[in-house]
Amino acid sequence: MKNNMTVPVKFEKSSVKKIILGNIQNKGARPYQEDSFGFTPLTKDYVDKFGLTAVVADGMGGLSNGDKISACVVSEIINEPVSEDRSFLVHTFLTRMYNSINRRICGSGYSGGATASAVYCCRKGIYFCSTGDSRIYLYRNGRIFRMTVDFDYMNTLLNGVIGGDCSLEDALEDPQKDSLHEYMGADMTLSPDVNFKPLIPLCGDKLLICSDGVYNALDDKELTDSLAKRAQDAADDILRRIQEKRYENQDNFTAVILEFV
């Protein structure tokens, strides 16, 4: 898409008038690209009627058809407009939508899976919906805040630690701790991470949607420093920082940035 594209928006309880978009994507050290990202149509008429949706999906390594599934997830999500009806329960719709897409993927004949993290900007505010381990971060007043949880087995293990079923040492040493237990393509009913009340954006806020190739390469301080820049400059800075690391096993990485002004 065109970098630094500016989209006019309307929020009921915010003085924000525009969203500036930035993005980067890179294969890293891999010979293939399994990440996908996309936006709903960015025309004024469409955004006025349905709002703006941005999504990042990451085809899961070690499973076949990751690139096809991630592309399918992005296409399916951006083709499901969110209603602006005041009585509409956005979080309920998002949960049902993710499960509907998941059923279609499971019935597509493709084996494998993909993460899916999406941001929905509508008149009520901002909603997040995520499954897998792609993440959404909020940058506000010089700090970043992680807005989504990872659906990895480590969270299950930590619940076991709290309940006394296992020790923290056992959890940290479990070979399956980084395995995803929920994702698009999983043969199960999904319970995606979705906010019940919308986030009301402030002027100067930024949202970062990214695959794990970004946050596994850069720590919170590095991400914060990058996000202090304007939308596309921030995305380019994330790209520069990751490439300078020269990690031998650098994963595919994708970053989408929404700047609210």
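Helices and strands are DSSP runs, helices of at least four residues and strands of at least two, numbered from the N terminus. The structure described here is a predicted model.

Strand β5 spans residues 116-122, and 7 of its 7 residues are buried, so the strand is largely enclosed by the rest of the structure. Burial applies to both faces of β5. One side carries Ala116, Ala118, Tyr120 and Cys122. The other side carries Ser117, Val119 and Cys121.

Two strands pair with β5. Strand β4, made up of residues 52-58, runs antiparallel to β5, and 5 bridges connect them. In this pairing, Val56 is placed opposite Ser117 of β5. Strand β6, made up of residues 125-131, is also antiparallel to β5, and this pairing has 7 bridges. Here Ala118 is found opposite Cys129 of β6. The connection from β5 to β6 is a hairpin of 2 residues. Ser117 and Ala118, which take part in these contacts, belong to opposite faces of β5, and each of them is buried.

Backbone geometry was examined next. Most residues other than glycine have a negative phi. Asn141 has a positive phi of about 55° and is not a glycine. Asn141 is located in the loop that links β7 (135-140) and β8 (143-146). With a relative accessible area of 70%, Asn141 is exposed, because the cut-off for that class is over 50%.

Arg246 is another residue other than glycine with a positive phi, in this case near 55°. The loop between α8 (231-245) and β11 (253-260) contains Arg246. The relative accessibility of Arg246 is 72%, so this residue counts as exposed.

On the surface, a nonpolar patch is formed by Leu158, Leu168 and Leu172. Together, these three leucines have about 240 Å² of accessible area. Leu172 is part of helix α5, which covers residues 168-173. The relative accessible area of Leu172 is 48%, so this residue is classed as partly exposed. That class lies between the limits of 20% and 50% relative accessible area.

In summary, the residues of β5 are buried on both of its faces, with β4 and β6 as antiparallel partners. Asn141 and Arg246, by contrast, are exposed loop residues, placed after β7 and after α8 respectively. Leu172, a member of the nonpolar surface patch, is partly exposed.

Methods:
Residues numbered from 1 in each chain as written. Predicted model: local features only at pLDDT ≥ 70, side-chain atom pairs only at ≥ 80, totals over all residues. Heavy atoms only, no water. Patch = residues over 30% accessible without salt bridge, like charges linked within 9 Å, V, L, I, M, F, W, Y side chains within 5 Å. Areas by Shrake-Rupley, 256 points an atom, 1.4 Å probe, with all protein chains shown as cover. Salt bridge = Lys/Arg side-chain N within 4 Å of Asp/Glu carboxyl O. Buried < 20%, exposed > 50% of the residue type's maximum accessible area, 1.4 Å probe, protein only. Pairing = 2+ DSSP bridges.
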